[in-house]
Amino acid sequence: MKKQDFQCGLKDGAPIALGYFSVSFSFGILALGGGLTVFQAALTSLTNVTSAGQFAGLQIIIAGGTLLEMAVTQLIINLRYALMSLSLSQKLSERVTFWQRLIIAFANTDEIFAVAMAHGRELSFSYMAGLQILPVIGWTAGTAVGAAAGSMLPEAVNSALSVALYGMFIAVVIPEAKKVRSVLATAALALLMSCVIYYLPVFSGISAGVSIIICTVAASAAGAVLFPLHEEGGTE
């Protein structure tokens with residue numbers, strides 16, 4: 001059963017790995033442009049496995065931000081993983097040990113969480129190991145290949161490929177924003193605040209890291225106040 005569960009996890013994780021490879025390719029290019037080496041970029045992906053957190057962290061590194069800014073930014077951006085892990089733990093088999101749960105939590109990304117929760121049976125450690133190993137490899141390998149290619153490709157090609165990051169964010173936000181008014185309003189507010197902080201001279205002393213924190217917290221708080229959730233999950 002353990003072998004079958006692992007093979008089933010590998011099958012379910014293969015499409016995620018392919019998607020991660022393409023997205024992390026862009027991170028590798030941006031990391032190289034930000035001053036990181038190929039090894040440093042790949043190690044960052046291997047030890048983090050978080051798209052938004054890594055991209056935000058890279059911008060803070062490039063901007064010369066402080067460790068406190070980095071820590072607070074990562075806490076805010078990645079806090080959702082704690083909530084997803086709590087939910088996922090309810091579906092894990094009782095035979096999954098404490099240390100195995102820690103391993104599972106390490107690579108509990110949005111896509112892996114969604115696939116795991118949609119799995120028809122309780123989740124064994126073998127299944128989760130199979131589900132997570134290929135995406136982790138794909139994310140790390142894509143970063144390494146992107147960074148290596150970035151050192152050889154012309155600057156114009158690197159700039160063009162880096163647009164994939166923004167395309168990824170648009171692909172995530174736009175479909176949901178078209179369906180849910182609150183998502184559109186909250187995203188627009190965050191964008192507006194980011195532009196105000198960036199362009200107005202009065203905010204020139206605010207670093208990129210602090211700007212991310214302010215926009216994230218303020219837009220999320222405003223969205224929670226203006227569009228509270230009903231108990232059944234809808235918004236006002």
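**An all-helix model: a briefing**

V49 counts as buried, because its relative accessibility is 6%, under the 20% cut-off. V49 belongs to a predicted model. The protein has 10 helices and zero strands. Of its 236 residues, 34% count as buried. The points below go from the fold to single residues, then to contacts, a pocket and the surface.

**Overall fold**

- Along the sequence, the pattern reads α-α-α-α-α-α-α-α-α-α.
- The helix count is 10, and the strand count is zero.

**V49, a residue in a loop**

- V49 sits in the loop that joins α2 (38-48) to α3 (51-62).
- The phi angle of V49 is near 50°. That is a positive value, and V49 is not a glycine.
- Most residues other than glycine have a negative phi.
- Is V49 buried or exposed? V49 is buried, at 6% relative accessibility.

**G223, a residue in a helix**

- G223 is part of helix α10, which covers residues 208-226.
- G223 has a relative accessible area of 11%, so it counts as buried. The cut-off for buried is under 20%.
- G223 and L189 are 34 residues apart in sequence. In space, their C-alpha atoms are 8.9 Å apart.

**Salt bridges**

- How many salt bridges are there? The count comes to two.
- One salt bridge joins the side chains of R121 and D5, with an N to O distance of 4.0 Å.
- This pair links distant parts of the chain, 116 residues apart. R121 is in the loop between α6 (110-118) and α7, while D5 is in helix α1.
- D5 is buried, because its relative accessibility is 11%.
- E122 forms a salt bridge with R95. Their closest N and O atoms are 3.8 Å apart.
- E122 lies in the loop between α6 and α7, and R95 in the loop between α4 (67-89) and α5 (98-106), so this salt bridge ties together parts that are 27 residues apart in sequence.
- E122 is partly exposed, at 48% relative accessibility. This value falls between the cut-offs of 20% and 50%.
- R95 has a relative accessible area of 66%, so it counts as exposed.

**The second largest pocket**

- The second largest pocket holds about 300 Å³ of space.
- This pocket is lined by 15 residues. The closest to its centre are K2, D5, R95, S124 and F125.
- Two elements give two or more residues to the lining: α1 (2-33) and α7 (125-150).
- Which element gives the most to this lining? Helix α7 does, with three residues.
- The lining divides into five nonpolar, five polar and five charged residues.
- D5 and R95 appear again here, among the residues closest to the centre. D5 is also the salt-bridge partner of R121, and R95 that of E122.

**A nonpolar surface patch**

- Which residues make the nonpolar surface patch? They are L192, V196, L200 and V202.
- The patch covers about 350 Å².
- L192 has its place in helix α9, residues 181-199.
- L192 counts as exposed, because its relative accessibility is 51%. The cut-off for exposed is over 50%.

Key. Residues numbered from 1 in each chain as written. Predicted model: local features only at pLDDT ≥ 70, side-chain atom pairs only at ≥ 80, totals over all residues. Heavy atoms only, no water. 1 Å grid on protein atoms, 1.4 Å probe; cavity = no way out; pocket = protein on both sides within 12 Å on 5 of 7 lines; lining within 4 Å. Points joined across faces, edges and corners; volume = space filled by probe spheres on them. Helix = DSSP H or I, 4+ residues; strand = E, 2+ residues; numbered from the N terminus. Nonpolar A, V, L, I, M, F, W, Y, C, P; charged D, E, K, R; others polar. Patch = residues over 30% accessible without salt bridge, like charges linked within 9 Å, V, L, I, M, F, W, Y side chains within 5 Å. Areas by Shrake-Rupley, 256 points an atom, 1.4 Å probe, with all protein chains shown as cover. Buried < 20%, exposed > 50% of the residue type's maximum accessible area, 1.4 Å probe, protein only.
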